[in-house]
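Open your viewer and get the selection tool ready. We will go from stop to stop, and at each one I will say what to pick and what is there.

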Amino acid sequence: MIVNIVKGDVAAIEADAYVVPQYCNKLSLTGVSARMINTDCYAAVNAYEESVKHHANPFGYAMPVKTDGEKVALLIHSVVLGMPKKTDEDKKRVFHNVQLATYAALICAEKHGVKHLVLPALCTGSTGSMTYFDSARAILSALSVCPTPQSVRNVTIAILHSNRAYDLFVGGTRNWLHNRPYFINQDYKSMMDYQKVMGKEC
């Protein structure tokens, strides 16, 4: 699996699947979610809003929605927005949940036969809770513990904002080894149990 980091808009990159950051209890109307609506993927984006009308989803949850006949083959809604970040413990939880969300998105993409997955710098920007540096460490450490994918060949991480944001993210790629999430498999299985109970299995 090849991981590329590029400057640009997630929605402008040709791929089989895209990760769309979401809140646990409502649809995001900004960022990647808004840009996907502008690429005629309204129905696939709006499907997430329908899913949270009665129950909030846990942070780290991945919800795939096929976009038959539209720009892309699959949107993977990923719950990473709106996490509290006041205390050191909150920040650790945010970091771990981004790891879990990355792991879940890759496994979900693998299950759906995706070859090229694109994701943004998760949990950054105006609605996020992390620096670009920490987002890079969380994402790459999670990718490093995923089972070797048989389908997914390329993962592209797109940094939309300034050159400074890109440089900070790339800087984080050099400091992720000590952040490997040793217990992520157990947490992922717990989340899968939740999804089965709620009828939302990836």
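Start by selecting Thr173 in this predicted model. Is Thr173 buried or exposed? Its relative accessible area is 18%, and because the cut-off for buried is under 20%, Thr173 counts as buried. You will find Thr173 in the loop that links helix 5 (163-172) and helix 6 (184-197). Now show what surrounds Thr173: apart from neighbours within four places in sequence, its contacts are Ile5, Ala136 and Leu140.

**Strand 6 and its partners**

Next, select residues 154-159, which form strand 6. Of the 6 residues in strand 6, 5 are buried, so this strand is mostly covered. Which strands pair with strand 6? One is strand 1 (residues 2-7), which pairs with strand 6 in the parallel sense over 6 bridges. To see one of these pairings, pick Val6 and look across to Ala158, its bridge partner in strand 6. Another is strand 5 (residues 116-120), also parallel to strand 6 and joined to it by 5 bridges. Here, pick His116 and find its bridge partner Asn154.

Keep strand 5 and strand 6 on screen and add helix 4 (residues 132-145): together they make a right-handed β-α-β unit.

**Strand 4 and its surroundings**

Now move to strand 4 (74-81). How many residues of strand 4 are buried? The count is 8 of 8, which means that strand 4 is largely enclosed by the rest of the structure. Strand 2 (17-23) runs parallel to strand 4, and 7 bridges join the two. Select Pro21 and you will see Ser78 of strand 4 standing opposite. Strand 3 (62-66) pairs with strand 4 in the antiparallel sense, over 5 bridges. For an example there, pick Lys66 and its bridge partner Leu74.

Keep Ser78 displayed and select Ala101, a residue of helix 3 (residues 88-111). Ser78 is one of the contacts of Ala101 beyond four places in sequence, along with Gly60 and Val80. Ala101 counts as buried because its relative accessibility is 0%. Try a distance label too: Ala101 and Val19 lie 82 residues apart in sequence, yet their C-alpha atoms are 9.6 Å apart in space.

Then bring in helix 2 (residues 42-51), whose buried residues are Ala44, Val45, Asn46, Tyr48 and Ser51. What do these buried residues pack against? They pack against strand 2, helix 1 (31-37), strand 3 and strand 4.

**Charges over rings**

Show side chains for Lys7 and Tyr166. The charged end of Lys7 sits over the Tyr166 ring, 5.3 Å from the ring centre. Do the same for Lys26 and Tyr23: here the charged end of Lys26 sits over the ring of Tyr23, 4.7 Å from its centre. If you would like to look for aromatic pairs as well, a search of the whole structure finds 0.

**Zooming out**

Finally, display the whole chain. There are 6 helices and 6 strands, and from the N terminus the elements run β-β-α-α-β-β-α-β-α-β-α-α. Of the 202 residues, 52% are buried. Among contacts with a separation of 6 or more, 74% are between residues 24 or more positions apart. Switch on the surface to end the tour: its accessible area is about 9,600 Å², with 52% belonging to carbon and sulfur atoms.

Conventions:
Residues are numbered from 1 along each chain as its sequence is written. This is a predicted model: local features need pLDDT of at least 70, side-chain atom pairs count only at pLDDT 80 or more; totals for chains, interfaces and linings use all residues. Side-chain values use heavy atoms; hydrogens and water are left out. Helices (H or I, at least four residues) and strands (E, at least two) are DSSP runs, numbered from the N terminus. Buried means under 20% relative accessible area, exposed over 50%, partly exposed in between (1.4 Å probe, protein chains only). Contact means heavy atoms within 4.5 Å. Accessible areas come from the Shrake-Rupley method with a 1.4 Å probe; for residues, only the protein chains shown count as cover. Two strands pair if DSSP finds at least two bridges between them. A crossover is right-handed if, with the strands pointing away from the viewer, the path from the first strand over the helix to the second runs clockwise. Rings of Phe, Tyr and Trp (its six-membered ring) pair if their centres lie within 6.5 Å; planes under 30 degrees apart count as stacked, over 60 as edge-to-face and the rest as tilted. A charge sits over a ring if NZ of Lys or CZ of Arg is within 6 Å of the ring centre and within 35 degrees of the ring normal.
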